[in-house]
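Thanks for coming, everyone. Let me put the structure up on the screen, and then we can walk through a few parts of it together.

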Amino acid sequence: MMRRIGLFLGTNLAILVVLGVVMNLLEPWLRAQGIDYNFAYTLVFAFLFGMGGAFVSLLLSKKIALMTTGAKVIGSPSGDIERWLVSTVERQAREAGIGMPDVAIFEAAEPNAFATGASRNKALVAVSTGLLRTMRRNEVEAVLAHEVSHVANGDMITMTLLQGVLNTFVLLLSRVLGQLIDRVVFRSERGYGPGYFISVIVLQIVLGILASMIVMAFSRWREFRADAGGARLSGRQNMIAALERLRQSQQPGQLPEAVEAFGVRGRTGQGFKRLFMSHPPLEERIQALHDGVR
């Protein structure tokens, strides 16, 4: 996990250094145009709020997931199904080389499950009552293996760091471009007139949408990895059977947005909407397991 964090922070730092060099080269031209731009302040602001916001969300992810889904953590298993869930996750976590996650059940008619948490050793794996009612045990085991693989792959950390990098870009570029637009288009003397604030809002929305498309593209890729991990932990045919069962379900994925990206299934879409899907179509995931190429 530390290597992963170091890689992304190093990448983010390198990007900020490059942007700093570019802005230092542009600064004489900006001043010649009458734009007095405090780039260092904006850079620090974007980094602290961009990365800081993402990490705060990560640290609160388990609490938010429990509150938004109403999931109940299994403390002392009270029945056969709870004992089986805990023992299965415990075995899979041991095989995956991670700490034992908390195991929870949440009330929902749809068959679904999710994993979240601030680290590989302090995670949460939760399944819906609908999943327990509609799936055979070998299929539930595969779904659990899929979620444990998300944890083992460090997907929560990776998604947070990626979101933090993109947040930094959105905050920084929207303000740099906003001042340029205000000075050049709206002819504001200092670049901080009404045009600046309007431009920043519009640019944050536009750049935020583009950033979301990047995050969702990565999310779809990591679902294939989690499926492959689930196949290793529970058996390829069990993983395929679980996805087939989900495909047959008539109910769409309806997890809260805070945990949807880490569910075993997500909302579907066609055309332009596909760019904002957190999960690939189940047909593609099943085919990838059959092909064994992911």
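Let's start with a pair of helices in this predicted model: α6, residues 137–152, and α8, residues 194–234. Their axes come within 7 Å of each other and cross at roughly 125°. That angle makes α6 oblique to α8. As for handedness, the crossing of α6 past α8 is right-handed.

Who makes the contact? On the α6 side you'll find E141, A142, A145, H146, V148, S149 and H150, and on the α8 side R222, E223, A226, D227, G229, G230, L233 and S234. If you sort the residues of this contact by class, you get five nonpolar, six polar and four charged.

While we have α8 on the screen, let's follow it to another partner. The axes of α8 and α11, residues 282–291, come within 10 Å and cross at roughly 50°. Again the verdict is oblique, α8 relative to α11, and this crossing is right-handed. Here α8 contributes E223, F224, D227, A228 and A231, while α11 brings E284, R285, A288 and L289. The class count for this contact of α8 with α11 is five nonpolar, no polar and four charged residues. If you like to click along, E223 and D227 are good places to stop: both are listed for α8 in its contact with α6, and both are listed for α8 in its contact with α11.

Now, over to the sheet. In what order do the strands of the open sheet run? There are four of them, arranged β1-β2-β4-β3, and the pairing is mixed. The edges are β1, residues 72–73, and β3, each of which pairs on one side only. A helix sits against this sheet too: α4, residues 80–96, packs on it and touches β2 and β4, with its direction making about 140° with that of β2.

Let me spend a moment on β4, residues 123–128. Is this strand enclosed or open to the outside? Six of its six residues are buried, so β4 is largely enclosed by the rest of the structure. As a reminder, in a regular strand the side chains alternate between the two faces of the sheet. In β4, A123, V125 and V127 point one way, L124, A126 and S128 point the other way, and all are buried.

And what about the neighbours of β4? With β2, residues 102–106, β4 pairs in the parallel sense over five bridges. To find the register, look for I105, whose bridge partner in β4 is V127, and F106, whose partner there is S128. With β3, residues 113–117, β4 pairs in the antiparallel sense, again over five bridges. On that side, G117 stands opposite A123 of β4. β3 and β4 together form a hairpin, with five residues between them.

That takes us into the loop between β3 and β4, where you can pick out A118. Is A118 buried or partly exposed? Its relative accessibility is 26%, so A118 counts as partly exposed. A118 also has company from elsewhere in the sequence: leaving aside its neighbours within four places, A118 is in contact with L58, L59, S61 and I157. Take L59 as an example: it lies 59 residues from A118 along the chain, yet their C-alpha atoms are separated by 5.3 Å.

One more residue to visit, and that's L177, in helix α7, residues 155–184. L177 has a relative accessibility of 36%, so it counts as partly exposed. Its C-alpha atom is 8.1 Å from that of L203, and the two residues are 26 apart along the chain.

Finally, let's zoom out to the whole chain. The secondary structure comes to eleven helices and four strands. The chain has 294 residues, and 50% of them count as buried. Looking at contacts between residues at least 6 apart in sequence, 69% join residues at least 24 apart.

That's the tour. Shall we go back to any of these spots on the screen?

Technical notes
Residues numbered from 1 in each chain as written. Predicted model: local features only at pLDDT ≥ 70, side-chain atom pairs only at ≥ 80, totals over all residues. Heavy atoms only, no water. Axes fitted to C-alpha atoms, helices over the stretch in contact; angles between N-to-C directions. Helix = DSSP H or I, 4+ residues; strand = E, 2+ residues; numbered from the N terminus. Parallel < 35°, antiparallel > 145°, perpendicular 65-115°, else oblique. Left-handed = near helix turned anticlockwise from the far one by under 90°. Contact = heavy atoms within 4.5 Å. Nonpolar A, V, L, I, M, F, W, Y, C, P; charged D, E, K, R; others polar. Buried < 20%, exposed > 50% of the residue type's maximum accessible area, 1.4 Å probe, protein only. Pairing = 2+ DSSP bridges.
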